[in-house]
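Q: I have a protein model open and I don't know where to start. Could you walk me through how to read it?

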Amino acid sequence: MQKELPAEWVKTIKKHMNRLAAAECFGDFLKLGLGKPEQLAGYKNITYSLHVSPNARLILELNAAQDTILICNEIEVEGVSDYHGSKDNWYIP
């Protein structure tokens with residue numbers, strides 16, 4: 001990851017990963033509001049993003065239904081992407 005991304009991005013991603021691991025469930029992480037979490041539309045499963053840089057986001061897929069997001073404790077990291085506009089640019093798929 002350090003070879004493919006800027007050092008600031010790697011540091012931010014590691015912080016997000018540590019905070020996600022420390023949270024007992026996704027609801028605890030959302031309460032902190034760190035990384036400006038936002039739910040993304042247009043994905044098959046429930047998907048959130050966290051800010052890595054102004055245009056890059058860490059994409060997370062939750063193993064939960066819409067009514068169980070707050071108690072979800074299974075999260076799959078999809079990668080780092082720039083999903084703005086019509087492009088789908090994955091830095092790390």
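**Reading the model, step by step**

A: Let's begin with one residue and its neighbours: histidine 16 touches Phe29, Gly35, Leu50, His51 and Leu58, leaving out residues up to four places away in sequence. Keep in mind that this is a predicted model.

Q: Where does histidine 16 sit, and is it buried or exposed?

A: Histidine 16 belongs to helix H1. Its relative accessible area is 3%, and buried means under 20%, so histidine 16 counts as buried.

Q: Which backbone atom lies 2.8 Å from a polar atom of the histidine 16 side chain?

A: That's the backbone oxygen of histidine 51.

Q: What is the general idea behind a nonpolar core?

A: In soluble globular proteins, nonpolar side chains tend to be buried together. Here the largest nonpolar core has 20 residues, and the ones touching the most other members are Leu5, Phe26, Leu58, Leu60, Leu62 and Val80. Two or more core residues come from each of these elements: helix H1 (7-22), helix H2 (26-32), strand S2 (47-51) and strand S3 (57-62). H1 gives the largest share, four residues.

Q: Leucine 58 has come up twice now. What does leucine 58 touch?

A: Not counting residues up to four places away in sequence, leucine 58 touches Ile13, His16, Met17, Tyr48, Ser49, Leu50, Val52, Val77, Gly79 and Val80.

Q: Next, the sheet. How do strands hold on to each other?

A: Strands of a sheet pair through backbone hydrogen bonds, and the pairing can be parallel or antiparallel. In this model, five strands form an open sheet in the order S1-S2-S3-S4-S5, with antiparallel pairing. At the edges you'll find strand S1 (38-40) and strand S5 (89-92), each pairing on one side only. From one strand to the next, the twist averages 40 degrees.

Q: How many bridges join S1 and S2, and which residue in S2 is the bridge partner of glutamine 39?

A: S1 and S2 are joined by three bridges, in the antiparallel sense. The partner of glutamine 39 is tyrosine 48 in S2. Tyrosine 48 is also one of the residues that leucine 58 touches.

Q: One last thing: what should I know about phi?

A: Most residues other than glycine have a negative phi. Now look at lysine 36, where phi is positive, near 50 degrees, in a residue other than glycine. You'll find lysine 36 in the loop between H2 and S1.

Q: Why does lysine 36 count as exposed?

A: Because its relative accessible area is 57%, and exposed means over 50%.

Technical notes: Residues numbered from 1 in each chain as written. Predicted model: local features only at pLDDT ≥ 70, side-chain atom pairs only at ≥ 80, totals over all residues. Heavy atoms only, no water. Core = buried A, V, L, I, M, F, W, Y, C linked by side-chain atoms within 4.5 Å. Buried < 20%, exposed > 50% of the residue type's maximum accessible area, 1.4 Å probe, protein only. Contact = heavy atoms within 4.5 Å. Pairing = 2+ DSSP bridges. Axes fitted to C-alpha atoms, helices over the stretch in contact; angles between N-to-C directions. Polar contact = N/O pair within 3.5 Å; in protein donor to acceptor, adjacent residues only side chain to side chain.
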